[in-house]
Amino acid sequence: MVKAVGNGYVDVEIASTSACASCEAHSKCGFAESKNKTVGVPTSEWQSFEVGETVVVNIDQSRGMLAVWIAYVLPALVMIAAIVALSAVGAAEWLVAVAAIAILALYVAILYLLRRKIEKKFTLTITKKF
């Protein structure tokens, strides 16, 4: 749903619901979660959207897979490589654990520094829902 419109952007609130939210027992188990997130979608047609309007936000499938690699696969591979390498040289278990966490922190810091460059690779599109 459109929350705000202006200056080439449309702010869209997206309801993110876990898969188990559709389960009949979700209210009993307490694992179902639902969060609302707001995303700013750049568009040249921003003036044609109105606050409260229902829209569809899309991302190219290949870009979606790139996001999965950046967010999940690469950090897992980096951490596993660090654990295997440090274990192979005989490092203490506590040192291996601390180093793996430190390497992940470094990975996140690098992503943070490159966020503007990475952001340009992910283009969202917005269309009206009829």
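**Exercise 1. Find where V68 sits in this predicted model, and decide whether V68 is buried, partly exposed or exposed.**

Step 1: Look along the chain for the element. V68 belongs to helix α2, which covers residues 61–88.

Step 2: Get the accessibility. V68 has a relative accessible area of 34%.

Step 3: Compare that with the cut-offs. Buried means under 20% and exposed means over 50%, with partly exposed in between. At 34%, V68 is therefore partly exposed.

Step 4: Check the company V68 keeps. Together with M65, W69, Y72, L74 and L77, V68 makes a nonpolar surface patch of about 610 Å².

**Exercise 2. Work out what is unusual about the backbone of N7, and where N7 lies.**

Step 1: Place the residue. You'll find N7 in the loop between β1 (2–6) and β2 (9–17).

Step 2: Check the phi angle. For N7, phi is near 50°, so a positive value turns up in a residue other than glycine.

Step 3: Set that against the usual pattern. Most residues other than glycine have a negative phi.

Step 4: Ask how open the spot is. N7 has a relative accessibility of 73%. The cut-off for exposed is over 50%, so N7 counts as exposed.

**Exercise 3. Describe the largest pocket: its volume, its lining and the elements that supply it.**

Step 1: Start with the space. The largest pocket holds about 470 Å³.

Step 2: Go to the lining. There are 14 lining residues, and those closest to the pocket's centre are I59, I118, E119, F122 and L124.

Step 3: Sort the lining by class. You get 10 nonpolar, 2 polar and 2 charged residues.

Step 4: Trace the elements. At least two lining residues come from each of β3 (34–42), α2 and α4 (115–119).

**Exercise 4. Now do the second largest pocket, and pick out its lining residues.**

Step 1: The volume is about 220 Å³.

Step 2: List the lining: I14, K37, V39, V57, I59 and L124.

Step 3: Sort these by class. The split is 5 nonpolar, no polar and 1 charged. Lys counts as charged, so K37 is the charged one.

Step 4: Find the strands involved. β3 and β4 (55–59) each give at least two lining residues.

**Exercise 5. Zoom out: how many helices and strands does the chain have, and in what order do the elements run?**

Step 1: Count them up. The chain has 4 helices and 5 strands.

Step 2: Read from the N terminus. The order is β-β-α-β-β-α-α-α-β.

Step 3: Finish with burial. Of the chain's 130 residues, 14% count as buried.

Conventions:
Residues numbered from 1 in each chain as written. Predicted model: local features only at pLDDT ≥ 70, side-chain atom pairs only at ≥ 80, totals over all residues. Heavy atoms only, no water. Patch = residues over 30% accessible without salt bridge, like charges linked within 9 Å, V, L, I, M, F, W, Y side chains within 5 Å. Areas by Shrake-Rupley, 256 points an atom, 1.4 Å probe, with all protein chains shown as cover. Salt bridge = Lys/Arg side-chain N within 4 Å of Asp/Glu carboxyl O. Buried < 20%, exposed > 50% of the residue type's maximum accessible area, 1.4 Å probe, protein only. 1 Å grid on protein atoms, 1.4 Å probe; cavity = no way out; pocket = protein on both sides within 12 Å on 5 of 7 lines; lining within 4 Å. Points joined across faces, edges and corners; volume = space filled by probe spheres on them.
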